[in-house]
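Trainee: Hi, do you have a moment to walk me through a structure I haven't looked at before?
Mentor: Sure, let's open it up together.
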Amino acid sequence: MIKNLIKKELILYFRNLNNVFLPLIFFFLIISIFPLVLGPDKLLFDNIIPGVIWITAILTTLLSSNNFFRDDYNNGVIEMYLTSSTGVELILFLRIIACWLFTCLPIILFMPLVSLLFDISFEDSFVILITLLMGTPILISIGIFGSALTLGLARNNILTPIIVIPFYIPVLIFSASAIDSVSLGLPYDMQLFILMALLFLILPIMPYLLKYTLELSINN
Amino acid sequence: MNISKIANLKFFYTKTRKISSFLSAFTLILFCIGIYWGLFIAPTDYLQGNSYRIMYVHVPAAWLSMQTYMIMAATGFIALVWKIKIMEIASIQCAPIGAFFTIIALVTGMVWGKPTWGTYWVWDARLTSELILLFLYIGIMVLYSAYSDKRQAIKITSLLAIIGLINIPIIHYSVEWWNTLHQGPTVTKFEKPSAHITMLLPLLYMFFVFNMYFLSILIKRMRFGIYMREKNNKWMEELKND
């Protein structure tokens, strides 16, 4: 069953490759807006580029998880999920992973190019990449939780981010702290371990939480 | 449907009418005493002069802003698990009160910050976490108002409040860790003046007064919430005609 589920998710994403490329294009578009707004000051960008990358990653995850359940809700698939006897949690878990694979992983894979464009040192870009690798699954799953909370509403384009962003803050603080530490030459493993702890705490809980939230959102 | 639940709301609504107005008047008197105590009787601080006196409003408001969130989450939990109507109303009515306390804490902090720090706002641990708390309250209120089915809305916001409760210590401590990298000037400054008993007593008294204020406002708001939910029901019509 797991095999079929994975296959179905992959087919869904590969049939519409826009889903894969649009977040990536969006990411690069936002990144390239920053030099336009702030001016091409090399010194300034050396300081702020990790923050810029993180903010852009947040925007991308917010937009890609915003209407995560919308189509399934309109189709009635969510009701099928909830009434089915097989494990809904597993389906939800796989869907979170698939969403991350096709929206965040491309961005992370293109991080070396971003480091090249902004001339980030190897160690800095390595830490940025690691924090993104551990942080974006958390961000995606929290964003999906937000989209489940607002599922009963007709239009929620800006409401979901308002609810979700305060929950992003712990991840952001530890990522920013790790990147700060590495640029100052301090040890940064503590922050990375905390990020990892958050990741392995949130990922297993999230499917159960999502199922409960969907039940609340659907029961009218 | 269930007669005991409706009776419960009706019982609360009719019984608290007098208590509510009595509590408000009582709180006002207590508040005036506390303000007089804090502003005139408590000794002047040798370091900050008279400007420290704003802490008699600022610190209780900040405490209450956290406490209200915990009460909102706790009542929300009770409402979700045992489906008690009055707890649903209590939970959602906590949100505007908590936001109000948060705004008071932020504004009085800004007023205090100008003479003491020389600036209204610093992006420091406490201030940022308090601002995030305000956004949590606002998110809950916005989500509540977005749903047209209010019973469903309360379930959703209760869940959000409970999840946010896990978020609060994380925000609090992680922001402190984040700040230890730079500097942490705020917190210790309070400890020196508040250590002395003549200054501490009015502060604790004001905390008590703010709790009374919270209680009286919560009862008023819950009455309002019950009215809004039950205004088309028979017993409310009868009460209105009386």
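Mentor: We'll go through chain B, the contact between the chains, and then a few spots in chain A.

Trainee: Is this from an experiment or a prediction?
Mentor: This is a predicted model.

Trainee: Okay, chain B then. How many helices and strands does chain B have?
Mentor: Chain B has 8 helices and 0 strands. Going along the sequence, the pattern reads α-α-α-α-α-α-α-α.

Trainee: What share of chain B is buried?
Mentor: Of its 242 residues, 33% count as buried.

Trainee: And what about contacts between residues far along the sequence?
Mentor: Take the contacts in chain B with a separation of 6 or more: 79% of them involve residues 24 or more positions apart.

Trainee: Let's go to where the chains touch. How many residues does the contact take from each chain?
Mentor: The contact takes 18 residues from chain A and 22 residues from chain B. On the chain B side, α4 and α5 (150–180) each supply at least two residues.

Trainee: Which helix gives the largest share of that side of chain B?
Mentor: That would be α5(B), with 12 residues. By class, the residues on the side of chain B that touches chain A are 16 nonpolar, 4 polar and 2 charged.

Trainee: You mentioned α4. What angle does α4(B) make with α10(A)?
Mentor: Helix α10 of chain A, residues 159–184, and helix α4 of chain B, residues 125–146, cross at roughly 150°, and their axes come within 9 Å.

Trainee: Why call α10(A) and α4(B) roughly antiparallel?
Mentor: Angles over 145 degrees count as roughly antiparallel, and therefore α10(A) and α4(B) are described that way. The crossing of α10(A) past α4(B) is left-handed.

Trainee: Which residues make that contact?
Mentor: From α10(A) you have A:Leu159, A:Ile162, A:Ile163, A:Pro166 and A:Ile169. From α4(B) the partners include B:Ile132, B:Phe135, B:Leu136 and B:Gly139. In classes, this helix pair brings together 11 nonpolar, 1 polar and no charged residues.

Trainee: Where should I look for the nonpolar core?
Mentor: The largest nonpolar core has 102 residues. Those with the most contacts inside it are A:Ile144, A:Ala148, A:Tyr168, B:Leu160 and B:Leu218.

Trainee: Let's pick one. What does B:Leu160 touch?
Mentor: Leaving out residues up to four places away in sequence, B:Leu160 touches A:Leu149 and A:Ile163 in chain A, plus B:Ile140 and B:Leu143 in chain B. You've met A:Ile163 already, in the contact of α10(A) with α4(B).

Trainee: Now inside chain A. How do α9(A) and α10(A) pack?
Mentor: Their axes are 9 Å apart and the angle is about 170°, so α9(A) and α10(A) are roughly antiparallel to each other. The crossing of α9(A) past α10(A) is right-handed. Their contact has 14 nonpolar, 8 polar and 2 charged residues.

Trainee: I clicked on A:Glu123. Is A:Glu123 buried or exposed?
Mentor: A:Glu123 is exposed, because 12 other C-beta atoms lie within 10 Å, and 12 or fewer counts as exposed. A:Glu123 sits in helix α9, residues 122–149 of chain A. The C-alpha atoms of A:Glu123 and A:Val182 are separated by 7.5 Å, though the two residues are 59 apart along the chain.

Trainee: What about α6(A) and α11(A)?
Mentor: Helix α6 (residues 88–103) and helix α11 (residues 189–218) of chain A pack at about 115°, with axes 8 Å apart. They are therefore roughly perpendicular to each other, and their crossing is right-handed. Among the residues that meet are A:Leu92 and A:Phe93 from α6(A) and A:Met206 and A:Pro207 from α11(A). This contact has 8 nonpolar, no polar and 2 charged residues.

Trainee: Last topic: any backbone oddities?
Mentor: Some background first: most residues other than glycine have a negative phi. A:Asp119 has a positive phi near 55°, and A:Asp119 lies in the loop between α8 (111–118) and α9 of chain A.

Trainee: Where is B:Lys83 found?
Mentor: B:Lys83 is in the loop between α2 (55–82) and α3 (85–117) of chain B. Its phi is positive too, about 55°, although B:Lys83 is not a glycine. With 13 other C-beta atoms within 10 Å, B:Lys83 is partly exposed, whereas A:Asp119 has 11 C-beta neighbours inside 10 Å and counts as exposed.

Trainee: Great, thanks for the tour!

Note on methods
Residues are numbered from 1 along each chain as its sequence is written. Chains are lettered from A and ligands numbered from 1 in the order in which they are written. This is a predicted model: local features need pLDDT of at least 70, side-chain atom pairs count only at pLDDT 80 or more; totals for chains, interfaces and linings use all residues. Axes are lines fitted to C-alpha atoms, for helices over the stretch in contact, and angles run from 0 to 180 degrees between N-to-C directions. Helices (H or I, at least four residues) and strands (E, at least two) are DSSP runs, numbered from the N terminus. Angles under 35 degrees count as roughly parallel, over 145 as roughly antiparallel, 65 to 115 as roughly perpendicular and the rest as oblique. A crossing is left-handed if the near helix is turned anticlockwise from the far one by less than a right angle, and right-handed if clockwise. Two residues are in contact if their C-beta atoms, placed from the backbone, lie within 7 Å. Ala, Val, Leu, Ile, Met, Phe, Trp, Tyr, Cys and Pro count as nonpolar, Asp, Glu, Lys and Arg as charged, and the others, Gly among them, as polar. A residue is buried if 20 or more other C-beta atoms lie within 10 Å of its own, exposed if 12 or fewer, and partly exposed in between; C-beta atoms are placed from the backbone. A nonpolar core is a set of buried Ala, Val, Leu, Ile, Met, Phe, Trp, Tyr and Cys residues joined through C-beta atoms within 7 Å.
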